[in-house]
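Open the model in a viewer and keep the sequence panel beside it. The stops below say what to select next and what is there.

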Amino acid sequence: MDTTDQGQSTNAPAAPPSAPRGIGRDALVGGICGAVVVLMVGASYAAVPFYNWFCRATGFNGTTQVATSAPSSAPLARRISVRFDANVAGGLPWKFEPEKTEIEVAIGEVVTVYYTVTNQAARTTMAQAAYNVTPLTSGAYFQKINCFCFTEQTMAPGETREMPVVFYVDPAITADHENDSLKTITLSYTFYPVRDAAPKPVAAGEPDKPRGNL
């Protein structure tokens, strides 16, 4: 027997075990997929406030604008009709209607109109109004100075309330030729329930009273 061959065979270092193939690539792909999921979730949360900001800034989808003051120039001779629509979402026990269904205003004229709201429930309820105008192209020019829709509304059981809207149609609409033939704008509101107001503990609204004989 050749002892040289035996020595070489005995002393030769063992080959290291081969690493499983594809682990590095799988980890990379998994990391990329995880990052994409995180970005998609973040984008979904950011989309709603961004969309609301975009609508308020541009009047997109009939979103009205918020004005801090009346227009500086006098109202124009051109007049336009404004119709008022009122709706209540399911589950909200309110009666909601405009005091006038339509008025005619001069462009640039500041006008105050009222809606009447009644809580028909035997409990306190809260709601907030969503709103838009049609045609949608008029949203960028419908300016609200004050509106009940800016905040949540809390109504006591059986309460009836007049809620004002102060607005004007921006004279800049006359420079928008897409609205040259515009004769009527419809302002529409829908009240949606927010949550049931938490009942006030009886003891919280009453002064301490002596109980029994001291």
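Which residue in β7 stands opposite valine 66? Select valine 66 and look across: the residue opposite is lysine 144 in β7.

Before going on, two notes on the basis. This is a predicted model, in which local features need pLDDT of at least 70 and side-chain atom pairs count only at pLDDT 80 or more, while totals for chains, interfaces and linings use all residues. Residues are numbered from 1 along each chain as its sequence is written, and side-chain values use heavy atoms, with hydrogens and water left out.

**Stop 1: the open sheet**

Stay with the strands (DSSP runs of E, at least two residues, numbered from the N terminus). Strands of a sheet pair through backbone hydrogen bonds, either parallel or antiparallel. Here two strands count as paired if DSSP finds at least two bridges between them. Colour the five strands that form an open sheet in the order β1-β7-β9-β5-β3, with mixed pairing. β1 (65-66) and β3 stand at the edges with a single partner strand each, so one side of each has no neighbour in the sheet.

Begin at the β1 edge. β1 and β7 pair in the parallel sense, over two bridges. Next to the valine 66 position, select glutamine 65, which stands opposite glutamine 143 in β7. Then turn to the other partner: β7 and β9 are antiparallel, over five bridges. Glutamine 143 stands opposite tyrosine 168 in β9.

Now select lysine 144 again, this time with its side chain. Lysine 144 lies over the face of tyrosine 131, at 3.6 Å from the ring centre. The rule for a charge over a ring is NZ of Lys or CZ of Arg within 6 Å of the ring centre and within 35 degrees of the ring normal.

At the other edge, select glutamate 97 in strand β3. Glutamate 97 counts as partly exposed because its relative accessibility is 37%; buried means under 20% relative accessible area, exposed over 50%, and partly exposed in between (1.4 Å probe, protein chains only). Leaving aside residues up to four places away in sequence, glutamate 97 touches Ala86, Tyr115 and Thr116, where contact means heavy atoms within 4.5 Å. Draw a distance from the C-alpha atom of glutamate 97 to that of glutamate 162: it reads 10.0 Å, for residues 65 apart along the chain.

**Stop 2: the core and its rings**

Select Tyr115, Phe148, Val165, Phe167, Tyr189 and Phe191, the residues with the most contacts inside the largest nonpolar core, which has 33 residues. A nonpolar core is a set of buried Ala, Val, Leu, Ile, Met, Phe, Trp, Tyr and Cys residues joined through side-chain atoms within 4.5 Å. Elements giving two or more residues to this core include β2 (79-88), β5 (111-119), β9 (160-169) and β10.

Show rings next. The structure holds twelve aromatic pairs. Rings of Phe, Tyr and Trp (its six-membered ring) pair if their centres lie within 6.5 Å; planes under 30 degrees apart count as stacked, over 60 as edge-to-face and the rest as tilted.

Centre on phenylalanine 148, which is buried at 4% relative accessibility. How is its pair with phenylalanine 191 arranged, stacked or tilted? That pair is stacked, at 5.7 Å centre to centre and 25° between the planes. Phenylalanine 148 lies in the loop between β7 and β8 and phenylalanine 191 in strand β10, so the pair ties together parts 43 residues apart in sequence. Phenylalanine 191 is buried at 0%.

Widen the selection to one aromatic cluster, whose members include Phe84, Trp94, Phe96, Tyr131 and Phe142.

**Stop 3: the disulfide**

Select cysteine 147 and cysteine 149, which form a disulfide with sulfur atoms 2.4 Å apart. The rule is a pair of cysteine sulfur atoms within 2.5 Å, and the count by this rule comes to one. The link is right-handed, with 130° about the S-S bond. Cysteine 147 is buried at 5% relative accessibility, and cysteine 149 is buried at 4%.

**Stop 4: threonine 190**

Finish on threonine 190 in strand β10 (residues 184-196). At 18% relative accessibility, threonine 190 counts as buried. Its contacts, not counting residues up to four places away in sequence, are Asn87, Val88, Ala89, Gln128, Ala129 and Ala130.

Technical notes: Helix = DSSP H or I, 4+ residues; strand = E, 2+ residues; numbered from the N terminus.
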